[in-house]
Amino acid sequence: MSPDLFGDPVLVWLGPFPLTRTMVTSAAISAILIVVAALLARAILRRDDSRMAALGRLTFRFLRDLVRDAAGEEWPALEAFAGSLFLFIAAAAVVGQLPGVPAPTSNLAATSALAVLVFLAVPLAGIRARGVGGYFKHYLKPNPLLLPLHIISELSRTVALSLRLFGNMMSGHLVVALIVALAGFFVPVPLMALDLLIGLLQAYIFTILASVYVGAAIRVGEES
Amino acid sequence: MSPTLANFLFEAANFLVLAGALGWLLFKPVRAALDRERERHAKEEADLKALRDEAEKLRADAADAHARLTSELDASRTEALAAAERAAAEIQAKAEKTRDERMAGLERELDALRQSQAEGLADTLGRIAATSVQRLLERVDGPSLDAALIRAASAEIGALAKGARAAPVVESARPLDAETRGLLRGALGRDFEERSDPALGAGVRVTTSAGQIDASARSLAREAARELRAAGLPEGTAP
């Protein structure tokens, strides 16, 4: 594990497109998640009473309840989106504990990409639920003069999402990397456990916030 | 392309692919399976509720039928009891009527039997009395019973008015001798028609236009029997 904070070494250039270590890690995490999800779904569909099926059900119910409690109602597309966010960020936190493998979420570009996706998902969900006029009208309430503040709010919370995740994940890795550099192996194990806990907590927080934002967009105008 | 921008774009695309794949591979089938399971549970619950409702309805129907049958049974029992009581009363009344009729018939038969026995006894006693009187008269060497009776008849005829002695008929148990015939002719004041009737026993019976004078042993016996009846026969023999 290196103390390289912001740099993301390019492993290979595919023409003009650089292939970085974060990309490879993210792709690997995604592949693993997809395989595991396929196994869980297969177990649920074929062997309803197996442990894998029970694990799949528990995972699904946990994510569904998490999203439903935050968003206020069941929304299958939101469940898939927010559930994928949780699984990806949590898997990144776990993978980040492996020596020499940086968590994709400790890269600002990666967390920004996730935050931007949440930012885009909010109006998409609002438009889908309320229509274009019904959704964008709330930017003019309670007074059109507040439109800039609404926009700043949307942008700032997106930036906050990105920086919160990046800062927490990067700091944990930085601390562990510094201690490894100074004291050697096995010493930072408690800190690694704490880092894993923080990573899982950040996955929970990111998912909750994304669900709240999207849920608010879905229910926009209901209060009036 | 800068590595940062490439990273950003790749991460966004990677996550969209991941979300799509997870939605298609995990969330959609698991949600469908859970929905099916929920629907199955709901259906089983609905079936159970329907069965429970049906059982409740059957129980209520059974209770109603039981109550109805019990009521009908009570009514039938009451009706049968009343009919049986009526029939018993009718049978009892009929039996009492039959008993009364039979009792009345038996009493009538008994009365008739008593009457006939009393009459027979009176006749027998009369005959015995007449026979005894005749024997007594013979032993005391007095006139025969026939002569005594004819003299008694002649005395009664003599008490009649002369107009009441027309068309006389004299019936006797035995043929009259000249003496008794003359005695009677003298009493009647004219000739008379003679007839023989052994059933008279002794004496004569004279019939005139005014009536009949019976001075026969049978008449005496009847008189004795009448007297006996008037005096009172022993218990069970009185007519």
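Biologist: What makes up the area that chain A exposes?

Modeller: Carbon and sulfur atoms supply 72% of the about 11,000 Å² exposed by chain A (Shrake-Rupley method, 1.4 Å probe; for residues, only the protein chains shown count as cover). This is a predicted model, where local features need pLDDT of at least 70, side-chain atom pairs count only at pLDDT 80 or more, and totals for chains, interfaces and linings use all residues. Residues are numbered from 1 along each chain as its sequence is written, chains are lettered from A and ligands numbered from 1 in the order in which they are written, and side-chain values use heavy atoms, leaving out hydrogens and water.

Biologist: How many of the residues of chain A count as buried?

Modeller: 43% of its 224 residues, where buried means under 20% relative accessible area, exposed over 50% and partly exposed in between (1.4 Å probe, protein chains only).

Biologist: Why is the set with L78(A) and F15(B) called a nonpolar core?

Modeller: Because its members are buried Ala, Val, Leu, Ile, Met, Phe, Trp, Tyr or Cys residues joined through side-chain atoms within 4.5 Å. This largest core has 59 residues, and L78(A) and F15(B) have the most contacts inside it. α1 to α6 of chain A and α1 (3-139) of chain B each supply at least two of its residues (helices are DSSP runs of H or I, at least four residues; strands are E, at least two; both are numbered from the N terminus). α3(A) gives the largest share, 14 residues.

Biologist: What does F15(B) touch?

Modeller: Beyond residues up to four places away in sequence, F15(B) touches F81(A), S84(A), L85(A), F88(A), L114(A) and L117(A); contact means heavy atoms within 4.5 Å.
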